[in-house]
Amino acid sequence: MDKVMRMSSERGVVIFSKSSCCLSYAVQVLFQDLGVNPKIHEIDKDPECREIEKALMRLGCSKPVPAVFIGGKLVGSTNEVMSMHLSSSLVPLVKPYLC
C-alpha cells in the first residue's frame, strides 16, 4: 500500500490503469480533454501488479482499474469520475492541475 500511496502523489492527477482496459482509456481521454496531463501507471506492466491491485482494493476501489487519485486522494473509478464530470464537480477539483 505504501507504493500505491507514493505513486498516487507523484502528480496532481494520477490514474492507475491497465493497457488493455477500455474504461481506463476513456478516463484518460476525459482528463486530457479537460486539459489535465495525468500521470498514468499501467499496472499490468509492473512486476508488482497483483500487490498494487490488492492495495487499490483495500483503499476502497470496487475494481482495481481505473483508479483515479486527485491531489493524492482516491476519487474512485469510472463511475465516480463520470458522475463527478456530469454533475460539474470534476473541473473545479482538477483546476489546480490544468496544463
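Val-68 stands opposite Gly-76 in strand β4. This pairing belongs to a predicted model. Val-68 lies within strand β3, which covers residues 67-70. Strands β3 and β4 are joined by 3 bridges and run antiparallel. The two strands form a hairpin, with 2 residues between them. Gly-71 sits in that turn and has a positive phi of about 60 degrees.

## The sheet

How many strands form the sheet, and in what order? There are 4 strands, in the order β2-β1-β3-β4. The sheet is open and its pairing is mixed. Strands of a sheet pair through backbone hydrogen bonds, either parallel or antiparallel.

Which strands stand at the edges? They are β2 (39-42) and β4 (73-76). Each has a single partner strand, so one side of each is left without a neighbour in the sheet. On average, neighbouring strands are turned by 25 degrees against each other, direction ignored.

Strand β1 spans residues 13-17. It is joined to β2 by 4 bridges, and these two strands run parallel. Ser-17 stands opposite Glu-42 in β2.

## Helices on the sheet

Helix α2 (residues 22-33) lies across β1, β2 and β3. It runs at about 165 degrees to β1. Helix α3 (residues 49-59) packs on the sheet too, touching β1, β3 and β4. The direction of α3 makes about 65 degrees with that of β3.

Asp-33 is in helix α2. Is Asp-33 buried or exposed? Asp-33 counts as exposed because its relative accessibility is 64%, and the cut-off for exposed is over 50%. Asp-33 and Arg-6 are 27 residues apart in sequence. In space they are 26 Å apart, C-alpha to C-alpha.

## Two nonpolar cores

In soluble globular proteins, nonpolar side chains tend to be buried together. The largest nonpolar core here has 14 residues. Those with the most contacts inside it are Val-4, Phe-16, Ile-43, Ile-52, Leu-56, Ala-67 and Phe-69. Two or more residues come from each of α1 (2-8), β1, α3 and β3. Which element gives the most to this core? It is α3, with 4 residues.

Another core, of 13 residues, lies apart from it. Among its residues are Val-13, Phe-31, Val-75 and Val-94.

Ala-67 has contacts far along the chain from its own place. Leaving aside neighbours within four places in sequence, Ala-67 is in contact with Val-14, Ile-15, Phe-16, Leu-56, Cys-61, Leu-74 and Gly-76. 

## One aromatic pair

The count comes to 1 aromatic pair. A pair of aromatic rings is described by the distance of the centres and the angle of the planes. Phe-16 and Phe-69 form this pair. Their ring centres are 5.6 Å apart, with 70 degrees between the planes. The pair is edge-to-face because its angle is 70 degrees, and the cut-off for edge-to-face is over 60. Phe-16 is in strand β1 and Phe-69 in strand β3. The pair links distant parts of the chain, with its members 53 residues apart. Both Phe-16 and Phe-69 are buried.

## Cysteines without a disulfide

How many disulfides does the structure hold? It holds 0. A disulfide needs two cysteine sulfur atoms within 2.5 Å. For Cys-22, the nearest cysteine sulfur is that of Cys-21, 5.7 Å away. For Cys-61, the nearest is again that of Cys-21, 12 Å away. The table adds how open each of these two residues is.

| Residue | Nearest cysteine sulfur | Relative accessibility | Class |
|---|---|---|---|
| Cys-22 | Cys-21, 5.7 Å | 61% | exposed |
| Cys-61 | Cys-21, 12 Å | 7% | buried |

## Backbone exceptions

Most residues other than glycine have a negative phi, and most peptide bonds are trans. Two places in this chain stand out against that background.

A cis peptide bond joins Val-65 and Pro-66, with omega about -10 degrees. Pro-66 is in the loop between α3 and β3.

Ser-88 has a positive phi, near 65 degrees, and is a residue other than glycine. It lies in the loop between α4 (78-86) and α5 (90-94). Is Ser-88 buried or exposed? Ser-88 counts as exposed, at 56% relative accessibility.

Technical notes
Residues are numbered from 1 along each chain as its sequence is written. This is a predicted model: local features need pLDDT of at least 70, side-chain atom pairs count only at pLDDT 80 or more; totals for chains, interfaces and linings use all residues. Side-chain values use heavy atoms; hydrogens and water are left out. Buried means under 20% relative accessible area, exposed over 50%, partly exposed in between (1.4 Å probe, protein chains only). Two strands pair if DSSP finds at least two bridges between them. Axes are lines fitted to C-alpha atoms, for helices over the stretch in contact, and angles run from 0 to 180 degrees between N-to-C directions. Contact means heavy atoms within 4.5 Å. Rings of Phe, Tyr and Trp (its six-membered ring) pair if their centres lie within 6.5 Å; planes under 30 degrees apart count as stacked, over 60 as edge-to-face and the rest as tilted. A nonpolar core is a set of buried Ala, Val, Leu, Ile, Met, Phe, Trp, Tyr and Cys residues joined through side-chain atoms within 4.5 Å.
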